[in-house]
Amino acid sequence: MSAGTTRTAALLLALFSACGATAPQRPSRVDTIDRFPAPRSSEMEINERKPVIDEVQFRALIHRVMEPYQKLAALHNAKIVLRIPVDATVSKDCMSATDEDTILRCSWLSDFTNADAGRSRQEENWSIGVGGGLARLPTMTPEGFTLVLCHEIGHLFGGFPFLREGFTGLALPVSVDGQADYFAAQVCLRKIWAQDDNAKNAEGVFYEQMIEPLAVTQCNSVHEAKEERELCYKTVFAGMSFIKTLSGKVDPEVIPSVGTPDMNEVGVTDNYHPSPQCRLDTFLAGALCPTVLHENQNPAAVYYDETRIPGYQLSSPGGEVARSQALAASCHEDFWPEGARPRCWFSPEQTQEGGWMNEL
Ligand SMILES: [Zn+2]
C-alpha cells in the first residue's frame with residue numbers, strides 16, 4: 001500500500017462472536033460481525049419466557065448511556081450516531097432511515113441478537129448499533145443491557161490496546177474487546193449509575209443477594225464505602241446477566257463463576273472476544289478498580305481522565321506511551337492485582353510501534 005493512499009476504514013466491532021471468528025478482512029473495510037450463537041434446543045423453552053426489557057426501556061437505556069458520552073465525543077470533534085446494526089435483517093424503509101426515532105424503532109423490531117460499534121479516524125461520526133433481539137433475550141436484564149451499551153462505548157473510549165489489523169499489524173481505531181469490557185465495568189457503569197440508589201433492582205431485590213458470595217467478599221475487601229460496595233455488587237450482577245446471555249446456557253455447572261477465574265496467560269493481547277469466563281473476570285476486575293486511583297493501587301496513576309482516550313491522540317497508538325497512558329488509568333497488577341486487566345486477554349508488557357491503519 002503506497003503512502004498517500006486515501007482509505008476509509010469503517011470499523012465495526014460486534015459484541016459477541018460465534019465460534020470460529022474469522023480474521024479481519026481487507027483493510028478497506030473491516031467488519032468483524034459475528035452472530036450470537038443460536039440457542040440449543042434445550043434453551044428454546046427458556047427463550048419462550050417473556051423478555052424483561054420492553055421497547056420503552058430499550059430506548060431509555062440507549063439514551064441514558066449515549067447522552068454523557070456524546071459530550072465527551074464532542075471534545076474529539078465527533079458525534080456518536082445510532083444506526084441499524086450492520087447484520088440486522090430489517091425492512092427497506094428501515095435501511096434508508098436517518099432520523100433517530102425511526103432507527104430506534106427499526107433496531108428494536110430487528111431480531112438481531114448482537115450489538116456493534118464503529119469508527120473511522122477520518123469521519124466525525126462514531127457509530128453504535130444495537131439489535132432488539134439482544135435486548136429481548138430473557139436472560140438479559142436492564143443492568144446487563146446497560147453493560148452491553150457500555151461495552152460498545154468502551155470500543156470507542158477505552159483506548160489502548162487497540163484492535164490490530166491482520167495483514168499489516170497496524171492499529172484500528174477501536175479498543176479490543178477485553179479493553180471494552182474493562183472500560184465498561186471500571187468507568188462507564190460507574191458514570192451511568194453514579195446518581196442511582198444501587199442497592200436494589202427494580203423489584204426491590206438486593207444485588208448483594210443475587211451474586212455469588214465470593215464476589216460480595218471481594219467487593220467488600222476492596223471498597224470501604226457502602227455506595228462503592230453496592231456499585232460493585234450491581235456491576236457483578238450486570239456482568240452475570242451479560243455472561244448468561246453470551247453463553248446461551250442455563251446449566252449452572254457450565255456458567256462462568258467468580259470462583260473459577262481463567263488462569264490462561266496470553267503472550268500477545270487478545271485481538272478478539274475473550275472466553276466468557278475471561279470476560280466475567282474482566283468485569284469483576286473493573287468493578288474492583290476505582291477510577292480515582294490511589295498510590296497503593298497504582299503509583300503511576302493520578303486519576304482517570306475521562307477527556308482522554310489512552311493512545312488515541314498518538315501517532316503510535318500501540319507504542320510505549322500509549323501503554324503508559326492506559327496503565328495510568330487502571331489498576332497496576334503489581335500493586336492492585338484484583339483490579340488489574342486480566343492476563344487471560346491482556347499482555348501488559350506488549351507494545352507495538354506503528355501508526356493507524358487508516359492513515360496510511
Ligand atoms: Zn465488542
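This report covers confidence, overall make-up, one buried helix and several single residues of a predicted model.

Local features here need pLDDT of at least 70, and side-chain atom pairs count only at pLDDT 80 or more, while totals for chains, interfaces and linings use all residues of this predicted model. Residue numbers start from 1 along each chain as its sequence is written.

## Confidence

The score used is pLDDT, the predictor's confidence in each residue, from 0 to 100. Its mean over the chain is 83. A pLDDT of 70 or more is reached by 81% of the residues. Helix α2 (residues 55–74) has the highest confidence, at a mean of 97. Strand β2 (residues 31–32) has the lowest, at a mean of 33. Residues 1–10 have pLDDT below 50, and this stretch has 20 contacts in the model beyond near neighbours in sequence. Residues 18–46 stay under 50 as well, and the model has 53 contacts for them beyond four places in sequence. A contact means that two C-beta atoms, placed from the backbone, lie within 7 Å.

## Overall make-up

The chain holds eleven helices and seven strands. These are DSSP runs numbered from the N terminus: helices are H or I with at least four residues, strands are E with at least two. Of the 360 residues in the chain, 49% are buried. Buried means 20 or more other C-beta atoms within 10 Å of a residue's own, exposed means 12 or fewer, and partly exposed lies in between, with C-beta atoms placed from the backbone. Among contacts with a separation of 6 or more, 71% join residues 24 or more positions apart.

## Helix α6 and its surroundings

Helix α6 spans residues 142–157, 16 residues in total. From first C-alpha to last it reaches 22 Å, close to the 22 Å expected at 1.5 Å a residue. The expected span is 1.5 Å times one less than the number of residues. How enclosed is α6 by the rest of the structure? Largely, because 15 of its 16 residues are buried.

Helix α9 (residues 226–247) packs against α6 at an angle of about 85°, and the two axes are 8 Å apart. That makes α6 roughly perpendicular to α9. Axes are lines fitted to C-alpha atoms, for helices over the stretch in contact, and angles run from 0 to 180 degrees between N-to-C directions. Angles under 35 degrees count as roughly parallel, over 145 as roughly antiparallel, 65 to 115 as roughly perpendicular and the rest as oblique.

On the α6 side, the contact involves Glu143, Gly144, Thr146, Leu147 and Val148. On the α9 side it involves Lys234, Phe237, Ala238, Gly239, Ser241, Phe242 and Thr245. By class, this contact has five nonpolar, five polar and two charged residues. Here Ala, Val, Leu, Ile, Met, Phe, Trp, Tyr, Cys and Pro count as nonpolar, Asp, Glu, Lys and Arg as charged, and the others, Gly among them, as polar.

After α6 comes glycine 159, with a positive phi near 70°. A cis peptide bond then joins phenylalanine 160 and proline 161, with omega about 0°. Proline 161 sits in the loop between α6 and β6 (162–164).

## Pairs distant in sequence

The table lists three residues with a partner elsewhere in the chain.

| Residue | Partner | Sequence separation | C-alpha distance |
|---|---|---|---|
| Glycine 118 | Glutamate 152 | 34 residues | 8.8 Å |
| Cysteine 278 | Arginine 343 | 65 residues | 8.9 Å |
| Arginine 136 | Valine 52 | 84 residues | 6.9 Å |

Glycine 118 belongs to strand β4 (residues 115–119). Glycine 118 is buried, with 25 other C-beta atoms within 10 Å.

Cysteine 278 lies in helix α10 (residues 276–288). Cysteine 278 counts as buried because 24 C-beta neighbours are inside 10 Å. Leaving out residues up to four places away in sequence, cysteine 278 touches Asp262, Pro342, Cys344 and Trp345.

Arginine 136 is in helix α5 (residues 132–136). Arginine 136 has 19 C-beta neighbours inside 10 Å, so it counts as partly exposed. With residues up to four places away left out, arginine 136 touches Pro51 and Ile53.

## An exposed loop residue

Asparagine 77 is in the loop between α2 and β3 (79–82). Its phi is positive, about 55°, although asparagine 77 is not a glycine. Asparagine 77 is exposed, with 7 other C-beta atoms within 10 Å.
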